[in-house]
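This report is written for a reader who meets the structure for the first time. It begins at a proline and then moves outward to the whole chain, its cores and its rings.

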Amino acid sequence: MAATLTYSYCKPSPFLGQFPPNFGKGKSSVGQSIRNPVYASTITALFWGSNNKSLQLDFSRDFTLPPSSSAQQTTPQKLSISVVSSILEVSPHAWDACTLDASGAQNFNPFLTHAFLSSLEQTGCAVQETGWKPCHIVAKDESQNILAVVPLYLKSHSYGEFVFDHSWADAYYGIGSRYHPKLQCCVPFTPVTGPRILIRNTWCKDQVFDIMVSALKDLAAKSQVSSLHITFPSENEWHKLKDKGFLQRIGMQYHWKNRNYKK
């Protein structure tokens, strides 16, 4: 099974002026029924260019972690949340420490590593110009130690996710609303299940999880995007996020395994 989660916001987008004329009338330009050759040729980045400054996401939040006598943490601690426009702004060591703690040494996921995700940015695969604007969330404690990270992208289309929501886009456009841009929490071009909210093993891990979810929802609300999607999360995240107001979806995957088959 392939699990996904969606948190929807049906608010006007501040990016409406970036769409081409007549965009969204009738079928969506990301649907399978594209007939306009102009839109089809620009499907990778529907409405933004490399010099568009209006798409910078300026987001920061401070949260207070309650004291914990059991963890010998008797005073409240501040956790600062920010958004970075490239994973290169985060130390590889700090990012990978979050990844290792989140997935566990026995289930280490190479696709969540700093090396893999940074390669997608540095080669121009997952960047603003191709419709994948990085806006990763980073959480730091009072000593500037990174406690959690989330791989996140602002997207202008629905490709490279392996979860097809073109019918959702058509429905939005059918009622005169906009489906793109949307926020996508995932590993680009990689339909592999794994944790998406990457947190260090600390005494406040559960509290940090709740804060990161709140930050995701706050960012979606502030950006006024149509929706926030978390694709191929871990089973634990899938269940926990349902209680946070996310809509659960299940798809099917077919995996072929070579059990020492011979020619």
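Pro181 has its place in the loop between helix H4, residues 166-174, and strand S8, in a model that is predicted. The peptide bond that joins His180 to Pro181 is cis, with omega at about 10°. Most peptide bonds are trans, and most residues other than glycine have a negative phi.

**Backbone angles in two other loops**

Gln224 is not a glycine, and yet its phi is positive, at about 60°. The residue belongs to the loop between H5 and S10, and it counts as partly exposed because its relative accessibility is 31%. Phe232 also has a positive phi, of about 55°, although it is not a glycine. Its loop runs between S10 and helix H6, residues 235-242. With a relative accessibility of 2%, Phe232 counts as buried.

Phe232 also appears among the neighbours of Thr193, which, leaving aside residues within four places in sequence, is in contact with Asn109, Phe232, Pro233 and Ser234. Thr193 itself is found in the loop between S8 and S9 and is partly exposed, at 40% relative accessibility. From Thr193 to Asn109 the C-alpha atoms are 9.0 Å apart in space, while the two residues are 84 residues apart in sequence.

**The chain as a whole**

The secondary structure comes to 6 helices and 11 strands, and of the 263 residues in the chain 49% count as buried. If one takes the contacts between residues at least 6 apart in sequence, 73% of them join residues at least 24 apart. The chain exposes about 13200 Å², and carbon and sulfur atoms supply 52% of that area.

**Nonpolar cores**

In soluble globular proteins, nonpolar side chains tend to be buried together. Which residues of the largest nonpolar core touch the most other members? In this core of 33 residues, they are Ile81, Ile137, Leu152, Leu183 and Met212. Elements that give two or more residues to the core include strand S2 (60-65), strand S3 (77-84), strand S5 (136-140), strand S8 and helix H5 (205-223). Helix H5 supplies the largest share, 9 residues.

Ile137 shows how such a residue is surrounded: not counting residues up to four places away in sequence, it touches, among others, Ile81, Val83, Val149, Leu152, Met212 and Leu219. Apart from the largest core lies another one, of 18 residues, among them Val84, Leu120, Ile146 and Val187.

**Aromatic rings and charges**

A pair of aromatic rings is described by the distance of the centres and the angle of the planes. The structure holds 5 aromatic pairs, and two of them are set out below.

| Ring pair | Centre distance | Plane angle | Arrangement |
|---|---|---|---|
| Phe111 and Phe116 | 5.2 Å | 80° | edge-to-face |
| Trp132 and Phe189 | 5.1 Å | 55° | tilted |

The pair of Trp132 and Phe189 links distant parts of the chain, since Trp132 lies in strand S4 (residues 132-134) and Phe189 in the loop between strand S8 (182-185) and strand S9 (198-199), 57 residues apart. Is Trp132 buried or exposed? Its relative accessibility is 1%, so Trp132 counts as buried, whereas Phe189, at 35%, counts as partly exposed. In the pair of Phe111 and Phe116, Phe111 is partly exposed, with a relative accessible area of 29%, and Phe116 counts as partly exposed at 24%.

Trp132 and Phe189 also belong to a cluster, in which ring pairs link them with Tyr153. The charged end of Lys155 sits over the ring of Trp132, 3.8 Å from its centre. Elsewhere, Lys240 lies over the face of Phe209, at 3.9 Å from the ring centre.

**Cysteines**

How many disulfides does the structure hold? The number is 0. Cys98 is buried, with a relative accessible area of 0%, while Cys125 counts as partly exposed, at 34% relative accessibility.

Definitions and conventions: Residues numbered from 1 in each chain as written. Predicted model: local features only at pLDDT ≥ 70, side-chain atom pairs only at ≥ 80, totals over all residues. Heavy atoms only, no water. Helix = DSSP H or I, 4+ residues; strand = E, 2+ residues; numbered from the N terminus. Buried < 20%, exposed > 50% of the residue type's maximum accessible area, 1.4 Å probe, protein only. Contact = heavy atoms within 4.5 Å. Areas by Shrake-Rupley, 256 points an atom, 1.4 Å probe, with all protein chains shown as cover. Phe/Tyr/Trp six-rings, centres within 6.5 Å; stacked < 30°, edge-to-face > 60°. Lys NZ or Arg CZ within 6 Å of the ring centre and 35° of its normal. Disulfide = S-S within 2.5 Å. Core = buried A, V, L, I, M, F, W, Y, C linked by side-chain atoms within 4.5 Å.
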